[in-house]
Amino acid sequence: MINNQNRAVLVGSVVCLIGLGAVYGALQIPRGAEGGIGGARIFPYLASGAILIFGALEFHKGIRGTDTTRFALTKVPFEIASLLALAIAYVLLITKLGYLIATGLVVPAALLLFGVRNPLGLLAAMVICPVVYQLIFFELLGVFPPFGEWFDLLDVIQGF
């Protein structure tokens with residue numbers, strides 16, 4: 001049986017390997033017109049670096065012998081399955097309805113899953129999150145937005 005210390009070393013090692021693979025993948029993204037890291041490359045660099053750092057931290061905790069158990073595994077499998085189902089639904093919604101509508105529908109569901117119950121907050125997130133993400137990723141970073149097959153709100157918005 002694997003104890004918590006050995007589990008942390010194993011998990012940290014696997015996450016570090018995933019992070020290294022992600023860093024390698026980020027390095028394969030062609031440079032933009034500006035020639036630097038910016039544009040479509042910045043988010044993959046940051047995400048892969050974060051994965052690598054968190055893996056190293058978990059590995060370090062295991063080597064030091066720090067207890068990494070933070071929660072009981074009572075209802076976590078349901079929450080993980082719900083989040084996985086939501087992620088799959090999100091990808092399917094993006095392909096059919098585009099980024100803005102899919103994000104507007106999924107954000108409140110994700111917030112509900114994480115315990116947010118305020119109806120006004122959920123309604124605000126339904127509108128604010130897609131707009132903020134649109135500005136950050138597609139306007140400021142220049143990432144190409146995924147368009148929907150059936151309908152896309154960007155077609156309507158860009159017509160104005």
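Reader: How much area does the protein chain expose, and what share of it do carbon and sulfur atoms supply?

Author: Accessible areas come from the Shrake-Rupley method with a 1.4 Å probe, and for residues only the protein chains shown count as cover. Here the protein chain exposes about 10,800 Å², and 74% of that is supplied by carbon and sulfur atoms. A word on the source: this is a predicted model, where local features need pLDDT of at least 70, side-chain atom pairs count only at pLDDT 80 or more, and totals for chains, interfaces and linings use all residues. Residues are numbered from 1 along each chain as its sequence is written, and side-chain values use heavy atoms, with hydrogens and water left out.

Reader: Which elements of the protein chain have the lowest and the highest mean pLDDT?

Author: pLDDT is the predictor's confidence in each residue, from 0 to 100. The average for the protein chain is 79, and 78% of the residues score at least 70. Helix α5 (residues 153–157) has the lowest mean, 63, while α4 has the highest, 87.

Reader: How many helices and strands are there?

Author: Helices (H or I, at least four residues) and strands (E, at least two) are DSSP runs, numbered from the N terminus. This protein chain has 5 helices and 0 strands, in the order α-α-α-α-α from the N terminus on.

Reader: Is leucine 140 buried or exposed?

Author: Buried means under 20% relative accessible area, exposed over 50%, and partly exposed in between (1.4 Å probe, protein chains only). Leucine 140, in helix α4 (residues 119–140), counts as exposed because its relative accessibility is 70%. In the protein chain, buried residues make up 21% of the 160 residues.

Reader: What can you tell me about arginine 64?

Author: Arginine 64 sits in helix α2 (residues 42–64) and is exposed, because its relative accessible area is 55%. Its C-alpha atom is separated by 8.2 Å from that of glutamine 5, although these residues are 59 apart along the chain.

Reader: What share of contacts between residues at least 6 apart in sequence join residues at least 24 apart?

Author: Contact means heavy atoms within 4.5 Å. Among such contacts in the protein chain, the share is 63%.

Reader: How many disulfides does the structure hold?

Author: A disulfide is a pair of cysteine sulfur atoms within 2.5 Å. The structure holds 0. As for its cysteines, cysteine 16 counts as buried because its relative accessibility is 18%, and cysteine 129 counts as buried at 17%.
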